Amino acid sequence: MTKNWFFIILYIIFIGMATFMVSLYTEAQKRVEFLQSLQSEVEDNNVKLLAATLVANRGDGTNAIIFKEPLYEQHFIDGEDEVGLYIYKVAENLRSYEHSLAILIRDLNITDTSLLKDEDDYSTIRATIKFNQEITIGQTNKQTFEETFITLYDDTSKLLLINFDRLKAESTISFESIHIAYDDINYFSRELVTLYNSDLVNQIPDKFSNTYQRDIKFITSDEIKFFIR
């Protein structure tokens with residue numbers, strides 16, 4: 001009897017986990033489908049795309065402020081390889097306004113034949129973010145974090161949101177570097193673009209010409225947090 005209960009419990013746990021994973025996938029698909037329905041309206045306007053994405057993600061009447069002018073923008077091209085990179089400051093009214101940084105990828109095209117894509121034909125783009133000091137978020141305390149971009153209406157557009165009000169540090173927070181990479185079919189990380197803080201490190205080579213501007217030393221928590229609490 002005990003053995004039977006053991007397998008019943010395992011089965012319940014498995015079903016629960018499967019349901020949770022299906023739920024996550026369904027919500028992601030809803031977001032993509034919603035953005036696809038608005039593609040003609042948002043594909044040429046970053047601010048509209050960010051606004052639509054926040055609506056799709058929250059779905060709870062959350063208000064948001066998105067600054068029209070990006071803190072950083074650059075369009076990288078090398079042959080047929082291409083990526084537009086934009087960084088915006090955003091405030092979402094969840095409880096009170098929370099300050100976030102939106103790292104937006106547009107016009108993504110990677111010609112590497114080893115590029116890994118999932119069953120929906122989406123690539124996996126990751127950011128390794130190194131701050132200028134150790135950061136505390138919840139119970140975690142470290143300087144370097146790895147995050148994955150979400151796919152928007154198709155594989156050419158990706159987004160990463162960083163909530164700066166949840167980051168705690170001893171002094172003004174800035175970035176040392178933001179290394180953006182993609183996964184290949186062997187699940188190795190391959191470099192795409194690296195942004196860096198010229199006050200802290202030298203330029204870091206990546207897939208594109210070093211003539212492109214990559215310096216993000218001016219993006220700090222003081223610049224991002226525009227509401228005075």
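Leaving aside its neighbours within four places in sequence, which residues is Ser114 in contact with? In this predicted model, the list reads Asp183, Asp184, Ile185 and Arg190. Ser114 itself is found in the loop between strand 4 (97-109) and strand 5. With a relative accessibility of 14%, Ser114 falls under the 20% limit and therefore counts as buried. Its side chain also has a polar partner: a contact of 2.8 Å joins it to the side chain of Asp112.

Stepping back to the whole chain, the protein has 229 residues, and 40% of them count as buried. Its secondary structure comes to four helices and 10 strands. Read along the sequence, these elements follow the pattern α-α-α-β-β-β-β-β-β-β-β-β-β-α, with three helices ahead of the run of strands and one helix after it. Among contacts with a separation of 6 or more, 60% are between residues 24 or more positions apart. As for the surface, the protein exposes about 13,000 Å², and 52% of that is supplied by carbon and sulfur atoms.

Four of the strands make up an open sheet in the order 6-5-9-10, with antiparallel pairing. Strand 6 (140-148) and strand 10 (189-196) stand at the edges; each has a single partner strand, so one side of each is left without a neighbour in the sheet. From one strand to the next, the twist averages 20°. In general terms, strands of a sheet pair through backbone hydrogen bonds, either parallel or antiparallel. Here, strand 5 (residues 125-137) and strand 6 run antiparallel and are joined by eight bridges. One residue pair to look at is Ile129, whose bridge partner in strand 6 is Phe145.

Phe145 turns up again in the aromatic side of the story. There are six aromatic pairs in the count. Phe131 and Phe164 form one that is edge-to-face, at 6.4 Å centre to centre and with 75° between the planes. Phe131 lies in strand 5, while Phe164 lies in the loop between strand 8 (158-163) and strand 9 (175-183), so this pair ties together parts that are 33 residues apart in sequence. Both of these phenylalanines are buried. Phe131 also pairs with Phe175, and this time the rings are stacked, with 5.3 Å centre to centre and 25° between the planes. Since Phe175 sits in strand 9 and Phe131 in strand 5, the pair ties together parts 44 residues apart in sequence. Phe175, like Phe131, is buried. Put together, Phe131, Phe145, Phe164 and Phe175 form one aromatic cluster. The cluster thus draws on residues from the sheet, with Phe131 in strand 5 and Phe175 in strand 9, along with Phe164 from the loop between strand 8 and strand 9.

What about the loops elsewhere? Glu80 has its place in the loop between strand 2 (72-78) and strand 3 (81-93). Its relative accessibility is 62%, over the 50% limit, so Glu80 counts as exposed. Even so, Glu80 has partners further along the chain: not counting residues up to four places away in sequence, Glu80 touches Asn109 and Thr111. Glu80 and Asn109 are 29 residues apart along the chain, and their C-alpha atoms are separated by 7.2 Å.

Finally, a couple of backbone angles deserve a look. Most residues other than glycine have a negative phi, and most peptide bonds are trans. Asp107 has a positive value, with phi near 55°. Asp107 is found in strand 4, and its relative accessibility of 41% makes it partly exposed. Tyr187 is not a glycine either, yet its phi is positive at about 65°. Tyr187 lies in the loop between strand 9 and strand 10, and at 60% relative accessibility Tyr187 counts as exposed.

Conventions. Residues are numbered from 1 along each chain as its sequence is written. This is a predicted model: local features need pLDDT of at least 70, side-chain atom pairs count only at pLDDT 80 or more; totals for chains, interfaces and linings use all residues. Side-chain values use heavy atoms; hydrogens and water are left out. Two strands pair if DSSP finds at least two bridges between them. Helices (H or I, at least four residues) and strands (E, at least two) are DSSP runs, numbered from the N terminus. Axes are lines fitted to C-alpha atoms, for helices over the stretch in contact, and angles run from 0 to 180 degrees between N-to-C directions. Buried means under 20% relative accessible area, exposed over 50%, partly exposed in between (1.4 Å probe, protein chains only). Contact means heavy atoms within 4.5 Å. Accessible areas come from the Shrake-Rupley method with a 1.4 Å probe; for residues, only the protein chains shown count as cover. A polar contact is a pair of N or O atoms within 3.5 Å; within protein, one must be able to donate a hydrogen and the other to accept it, and residues adjacent in sequence count only if both atoms are side-chain atoms. Rings of Phe, Tyr and Trp (its six-membered ring) pair if their centres lie within 6.5 Å; planes under 30 degrees apart count as stacked, over 60 as edge-to-face and the rest as tilted.
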